[in-house]
Amino acid sequence: MGGREELLFLQAACRACHICVDQAIIPEANPTFEGRWGAPFFLVGQAPGPVERVSRRPFSGRAGKELDRWMVRAGFENAEEFRRLTYIAALMRCFPGRNRAGSGDLKPPPPAIANCAHWLEAELRLTKPKVMILVGQLAIARFLGPGRLEDGVGHRFGDRPVMIPLPHPSGQSRWLNDPANRERLAAALGLLGELRMSLARTTRSRSNSDGGSRQPPRVRRATTTAMRRKA
Ligand code: SF4
């Protein structure tokens with residue numbers, strides 16, 4: 001089986017996953033992710049929210065609209081281009097539920113993240129992304145180790161793939177109220193824009209030299225092991 005077929009097989013199996021329901025961690029399974037073979041960007045978020053629980057499309061609620069705006073600021077032509085070039089997954093793919101006060105969503109429970117990890121590992125092994133976009137503290141800590149958001153956002157980490165941390169685009173976060181943090185976000189979006197441009201150039205020059213093949217750029221290897229922060 002080729003990589004593309006293996007990915008389709010994996011995606012079908014993931015959509016049918018309900019192990020966290022079987023273990024009484026959540027009442028309902030609704031695995032939510034989206035991505036196609038050859039996408040050079042790979043975004044890892046925290047978990048879907050109530051809107052995504054219904055739509056089954058990652059980042060389709062208010063936070064997703066903000067994320068789309070950020071990506072247009074970064075230089076993607078529009079939200080459609082960003083989503084076409086980006087595999088979007090999360091540490092936990094099913095909605096974890098609302099908190100008791102009803103004021104927000106629950107954080108993904110560690111046993112659910114552990115159950116879900118093998119899906120992410122397999123996707124990264126198969127898709128070998130050029131760039132990983134780590135959205136929110138949990139996703140950043142998963143790949144870069146624990147640390148302050150201020151020390152990660154605005155910097156790039158690693159090489160194959162390059163990792164770009166971002167804050168969560170949810171309106172609940174007050175982190176972006178600080179002008180210094182807004183500058184960090186602007187720097188992170190600038191880095192993403194540069195990477196998008198350089199990937200577009202690579203794709204164009206390959207297209208020219210291989211007679212017009214539209215195969216996306218590949219990397220030799222992706223890593224899913226935690227990396228130490230450079231900041
Ligand atoms: S959170 Fe992940 S491991 Fe748990 S049921 Fe959903 S897809 Fe499966």
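**Figure 1. Helix 1 and helix 6 cross in a left-handed manner.** In this predicted model, the axes of helix 1 (residues 3–15) and helix 6 come within 10 Å and cross at roughly 165 degrees. Because of this angle, helix 1 is roughly antiparallel to helix 6. On the side of helix 1, the contact involves Gly3, Glu6, Leu7, Leu10 and Cys14. Helix 6 contributes Trp119, Ala122, Glu123, Leu126 and Thr127 to the contact.

**Figure 2. An open sheet is formed by 4 strands with parallel pairing.** The strands follow the order 2-1-3-4. Strand 2 (86–90) and strand 4 are the edge strands, and each of them pairs on one side only. From one strand to the next, the twist averages 20 degrees. Strand 1 (residues 41–45) runs parallel to strand 3 and is joined to it by 4 bridges. Within this pairing, Phe41 stands opposite Val131 of strand 3. Strand 3 (residues 131–135) also pairs with strand 4 in the parallel sense, over 5 bridges. Here Val135 has Leu166 of strand 4 as its bridge partner.

**Figure 3. Strand 4 (residues 162–166) is mostly covered.** Of its 5 residues, 5 are buried. Both faces of the strand are covered. One side carries Val162, Ile164 and Leu166, the other carries Met163 and Pro165, and all of these residues are buried. Leaving aside residues up to four places away in sequence, Ile164 touches Val131, Ile133, Leu134, Arg156, Ala188, Leu191 and Leu192.

**Figure 4. The largest nonpolar core has 50 residues.** The residues with the most contacts inside this core are Val44, Ile133, Leu134 and Ile164. Helix 6 (residues 110–127) supplies the largest share of the core, namely 6 residues. In soluble globular proteins, nonpolar side chains tend to be buried together.

**Figure 5. Helix 6 and helix 7 lie across strands of the sheet.** Helix 6 lies across strand 1 and strand 2. The angle between helix 6 and strand 2 is about 165 degrees. Helix 7 (residues 137–144) lies across strand 1, strand 3 and strand 4. With respect to strand 3, helix 7 runs at about 135 degrees.

**Figure 6. Ala141 is a residue of helix 7.** Is Ala141 buried or partly exposed? Ala141 counts as partly exposed because 17 C-beta neighbours lie inside 10 Å, whereas a buried residue requires 20 or more. The view also includes Gly152, which is 11 residues from Ala141 in sequence. The C-alpha atoms of Ala141 and Gly152 are 9.8 Å apart in space.

**Figure 7. The chain contains 9 helices and 4 strands, which provide the setting for the preceding views.** Along the sequence, these elements follow the pattern α-α-β-α-α-α-β-α-β-α-α-β-α. The chain has 231 residues, of which 37% are buried. Among contacts in the chain with a separation of 6 or more, 71% are between residues 24 or more positions apart.

Definitions and conventions: Residues are numbered from 1 along each chain as its sequence is written. This is a predicted model: local features need pLDDT of at least 70, side-chain atom pairs count only at pLDDT 80 or more; totals for chains, interfaces and linings use all residues. A nonpolar core is a set of buried Ala, Val, Leu, Ile, Met, Phe, Trp, Tyr and Cys residues joined through C-beta atoms within 7 Å. A residue is buried if 20 or more other C-beta atoms lie within 10 Å of its own, exposed if 12 or fewer, and partly exposed in between; C-beta atoms are placed from the backbone. Helices (H or I, at least four residues) and strands (E, at least two) are DSSP runs, numbered from the N terminus. Two residues are in contact if their C-beta atoms, placed from the backbone, lie within 7 Å. Two strands pair if DSSP finds at least two bridges between them. Axes are lines fitted to C-alpha atoms, for helices over the stretch in contact, and angles run from 0 to 180 degrees between N-to-C directions. Angles under 35 degrees count as roughly parallel, over 145 as roughly antiparallel, 65 to 115 as roughly perpendicular and the rest as oblique. A crossing is left-handed if the near helix is turned anticlockwise from the far one by less than a right angle, and right-handed if clockwise.
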